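Thanks for making the time this morning. I would like to walk through one model with you, going from the overall fold to the ligand shell and then to a few backbone details.

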Amino acid sequence: MERAAPLIAAIGAVASNGALGLDDWLPWDIPEELAYFEKLIAGAALLIGRRTYESMAAVPVDSFIVSRQADLPLRPGCRRVASVEAGLRAALATEKPVFVIGGASIYAAAWPYCRYFYLTRIDMPFAGDTLFPESIPLAAWPVVDEVSARYLERKSACEVRCRFLKYEQPQPCPVPAC
Ligand SMILES: NC(=O)c1ccc[n+]([C@@H]2O[C@H](COP(=O)([O-])OP(=O)(O)OC[C@H]3O[C@@H](n4cnc5c(N)ncnc54)[C@H](OP(=O)(O)O)[C@@H]3O)[C@@H](O)[C@H]2O)c1
């Protein structure tokens, strides 16, 4: 039987001014946006940058943590990988869908291999110390799905529009063999 091509997707959220992170967490507090993220990545193998990994309260099994620190302390079900490519190879070997969940440095290195980028655009500017990488050519990728909703952002107590976009990269690169 013919095997389906391995699926690698990235997922993230960005504010209207490009902010992605603040103080090692998200700049906003929108529970519905977080729930969308958690629903999509459920059961997947994850590629995670070390900083993002350390900020997460819980990490599912088959999480691959990108770090140059050989002695990085790891939680059960997690494995350190020394590069984005090594992490993607290991994640694909699980035969689960693979999601790249950030942060910025990992999106910037992994996007060439991603078929899809699920990006929530939050239509409000936020203070941030980490920006979405401008090098990712999302503007050239067709949007194949888009849903909008308005939610309460709890820090500002303002209602904000969230646009849940799914971009498709026409020709992602194969992950190098080694
Ligand atoms: N808005 C969103 O959707 C979203 C999603 C995820 C994260 N975030 C936010 O983004 C921020 C973190 O992003 P970040 O870019 O600062 O950190 P990050 O990508 O999470 O992690 C950076 C670390 O990954 C390792 N790394 C990166 N590139 C590597 C490479 N080529 N080879 C080996 N190791 C590599 C290094 O770890 P070592 O230093 O251990 O070597 C580096 O310090 C946080 O604020 C987080 O909350 C936001």
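What follows is a tour of this structure, which is a predicted model, so please hear every value as computed from its coordinates.

Let me begin with the chain as a whole. It has four helices and ten strands, and read along the sequence these follow the pattern β-β-α-β-α-β-β-α-β-α-β-β-β-β. The C-alpha atoms fill a box of roughly 45 × 35 × 30 Å along the principal axes. A compact globule with 178 residues would have a radius of gyration near 16 Å, and the chain, at 16 Å, agrees with that. Of those 178 residues, 35% count as buried. If we take the contacts with a separation of 6 or more, 68% of them come from residues 24 or more positions apart.

Now to the sheet, which is open and is formed by eight strands in the order β5-β4-β3-β6-β1-β7-β10-β9, with mixed pairing. Its edge strands are β5, residues 78-81, and β9, residues 143-153, each of which pairs on one side only. From one strand to the next, the twist averages 20 degrees. Helix α1, residues 31-41, packs on this sheet, where it touches β1, β3, β6, β7, β9 and β10, and its direction makes about 175 degrees with that of β1.

Some of the individual pairings deserve a closer look. Strands β3 and β4 run parallel and are joined by four bridges, with glycine 49 standing opposite valine 66 in β4. β1 and β7 also pair in the parallel sense, over seven bridges, and here alanine 10 stands opposite phenylalanine 117 in β7. On the pairing of β7 with β10 we again find seven bridges, but these two strands run antiparallel, and isoleucine 122 has cysteine 162 in β10 as its bridge partner. β7 itself is mostly covered, since six of its seven residues are buried.

Which residues, then, are the closest to the ligand? The shell holds 27 residues, and the closest are Gly12, Gly21, Gly49, Gly102 and Gly103. By class, the shell divides into eleven nonpolar, twelve polar and four charged residues. The elements β1, β2, α2 and α4 each supply at least two residues of it.

That brings me to the backbone details, and to a general reminder that most residues other than glycine have a negative phi, and that most peptide bonds are trans. The peptide bond from glycine 102 to glycine 103 is cis, with omega near 5 degrees, and glycine 103 sits in the loop between β6 and α4.

Two further residues have a positive phi without being glycine. Aspartate 62, with a phi of about 60 degrees, is in the loop between α2 and β4, and it counts as partly exposed because it has 18 C-beta neighbours inside 10 Å, where 20 or more would make it buried. Alanine 157, with phi near 60 degrees, belongs to the loop between β9 and β10, and this residue is exposed, with 7 other C-beta atoms within 10 Å.

I will finish with serine 105, which lies in helix α4 and counts as partly exposed, with 16 C-beta neighbours inside 10 Å. Serine 105 and aspartate 62 are 43 residues apart in sequence, and 20 Å apart in space from C-alpha to C-alpha.

Conventions
Residues are numbered from 1 along each chain as its sequence is written. This is a predicted model: local features need pLDDT of at least 70, side-chain atom pairs count only at pLDDT 80 or more; totals for chains, interfaces and linings use all residues. A residue is near a molecule or strand if its C-beta atom, placed from the backbone, lies within 6 Å of it. Ala, Val, Leu, Ile, Met, Phe, Trp, Tyr, Cys and Pro count as nonpolar, Asp, Glu, Lys and Arg as charged, and the others, Gly among them, as polar. Two strands pair if DSSP finds at least two bridges between them. Axes are lines fitted to C-alpha atoms, for helices over the stretch in contact, and angles run from 0 to 180 degrees between N-to-C directions. Two residues are in contact if their C-beta atoms, placed from the backbone, lie within 7 Å. The radius of gyration is taken over C-alpha atoms; the globule rule is 2.2 Å times the number of residues to the power 0.38. A residue is buried if 20 or more other C-beta atoms lie within 10 Å of its own, exposed if 12 or fewer, and partly exposed in between; C-beta atoms are placed from the backbone.
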